[in-house]
Amino acid sequence: MMRGVMASEWLKIRRKGIWLLIALGPLGVVGLQALNFFLRYDYLTKRYADDLWGAVIGNVHQLSVPTLLMGIAIVASMIAGIEHQTNAWKQTLALPVSKWCVFACKFTLLCTLLVCACTLLAAGTVVLGIALGYGTDIPLVTLLVKSYLPFLAAMPFAALQTWLSITIKNQAIPLTTGVLFSVLCLFGTAVGDWVPLKWLYLENQWNEPFYSAGPGLLLGLVIYVIGLIHFIRKDVS
Amino acid sequence: MSEAVIETNQLTKKLGNKMAVDRLDLRIGQGEIYGFLGPNGAGKTTTIRMLLGLIRPTRGTVRIFGRDLQKDRLSVLRRVGSLVEYPSYYGHLTAYENLEAVRCILDVPRSRIDEVLSVVRLTKEAKRPVKGFSLGMKQRLGIATALLGSPELLILDEPTNGLDPSGILEMRELIKSMPKQLGMTVLVSSHLLSEVEQMATQVGIIAQGKLIFQDSIEALRQHSGSRIRISVDQGEAAWKMLLASGIQAEWELTDANRLLLPHESDEQLARLVKLLVHNDISVYRVEEEKRSLEDMFLELTGGGDSL
């Protein structure tokens, strides 16, 4: 059943411009950092002389956090909006398919698209570093950690946005919360370690990125289950 | 009546303080076209949503194909096709892709898409985005989607809403052909008596959430008390003649040459016309005078506050 619903979900996002968005996010982040590094090349190269690749990866990561939150909100809203637009929920859910499966597939689709965006971000970072002439001695572990772990840390937001977008017809509401989160996360590093927004920066007192990603994954799972149960119990309008 | 395909027991849905559906006992037999009739807001769509498991009943049960819907929802829905209210479609996709999106879930062969497209005559438009379709075409695509899984039960909620006369006619012919050609049972809701009358074999009438009538279309005709109006050249002579053969005709107030007769069977009516003609009375018109749905509702619900 899951395979069929998933195939249907992939088909539904055709010609919706979602792929363009998925590409635009990471490319925008890398592009802005390219501007930053090329404009202040001498200054930054001198300042980060010890760890040039670390500087590129770190700067890209800082900028990718608000972009990731905004991207989650927009893509989750687009995926759910396909059903809201002509109230196709009643058609989809009157098919021999369980409600949890529909919800799970929407969430899986969002996550898969985000992983693609993370991969593009990693690839873009490598291209940028090489273009800046920082050599090919790329710190792969750091690159992978900073490209993919924020995605795991962002799970609570992905689950929340999926839940809101699916259960609220008015998409202005989930989009507003998305904007709110991406603005608030700019102050993310200044708050306590327990605040989910800080997790995306992978910074904590232990200096261990997995201590940020782990709770993110866990809280994401909790919110996902709550959203799922709510969706299953809710009447279809 | 044949074996029940849909059977509800005391089906109730409370929305806020209002009883949207109140202790409904529907019974729809195999191979029937069941016309589910009621004014707007009577609870038709709420009932249909409960039949499809889209909303949970406050009380009562739904049995489809003899199985409890709440327990066996998936296996029941595999045998049901539906079109609820306005058609649902993905405007950015073509008609073919819309059907493919549903086909993936139903897991039926791809060839079914072409088959259902030809049933609703949309084969030529299959590659066009649905957002450019007319309402009639969208509605037909909705029917195609409902037919995709070769259902044994088709549930159509107001399928002719918003269609032009030719669209309505087409939809009606399509619905009428289903039980004959494909052995389906059809539940079709409408707020128009005339609409239901032309295709249904069984009728259920709902008003204010309550089922106030459920029987065959023939029984409804009897109940609705439609009358026959005959226009002749000699009203008085015709009246006497009918009276002599035991039929109490009434004069129409505005025209003495028009007589009103109680509802008669086709054979009886043919006999009466023959009688008049044989006695040199010219028969100009024989018409059925139907009372409006509103009148009937008032009578069935027994009060003026029913609408």
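This is a short talk on the confidence of a predicted model and on the build of its chain A.

Hi everyone, thanks for coming. What I have on screen is a prediction, so let me begin with the scores. The ipTM is 0.91 and the pTM is 0.87. Chain B has a mean pLDDT of 88, with 93% of its residues at 70 or above. Where in chain B is confidence lowest, and where is it highest? The low end is helix α11 of chain B, residues 293-301, with a mean of 63. The high end is strand β5 of chain B, residues 59-64, at 96. Just after that helix comes a stretch to treat with care: residues 303-307 of chain B have a pLDDT below 50. That stretch still makes ten contacts in the model beyond near neighbours in sequence. Where pLDDT is low, please don't read the predicted coordinates in detail.

Now over to chain A. How many helices and strands does chain A have? The count is eleven helices and zero strands, so the pattern along the sequence is simply α repeated from start to end.

What about overall dimensions? For 237 residues, a compact globule would have a radius of gyration near 18 Å, and chain A agrees with that at 19 Å. Along the principal axes, its C-alpha atoms fill a box of roughly 65 × 40 × 30 Å.

Inside chain A, 51% of the residues count as buried. Of the contacts between residues at least 6 apart in sequence, 80% link residues at least 24 apart.

Last, the surface and charges. Chain A exposes about 10,700 Å² of accessible surface, 70% of it from carbon and sulfur atoms. Chain A carries 16 positive and 10 negative side chains, and the centres of those two sets are 17 Å apart.

That's my tour, thank you!

Methods. Residues numbered from 1 in each chain as written. Chains lettered and ligands numbered in written order. Heavy atoms only, no water. pLDDT = per-residue confidence, 0-100. Helix = DSSP H or I, 4+ residues; strand = E, 2+ residues; numbered from the N terminus. Contact = heavy atoms within 4.5 Å. Rg over C-alpha atoms; globule rule 2.2 N^0.38 Å. Buried < 20%, exposed > 50% of the residue type's maximum accessible area, 1.4 Å probe, protein only. Areas by Shrake-Rupley, 256 points an atom, 1.4 Å probe, with all protein chains shown as cover. Lys, Arg positive; Asp, Glu negative; His and termini not counted. Charge placed at Lys NZ, Arg CZ, Asp CG, Glu CD.
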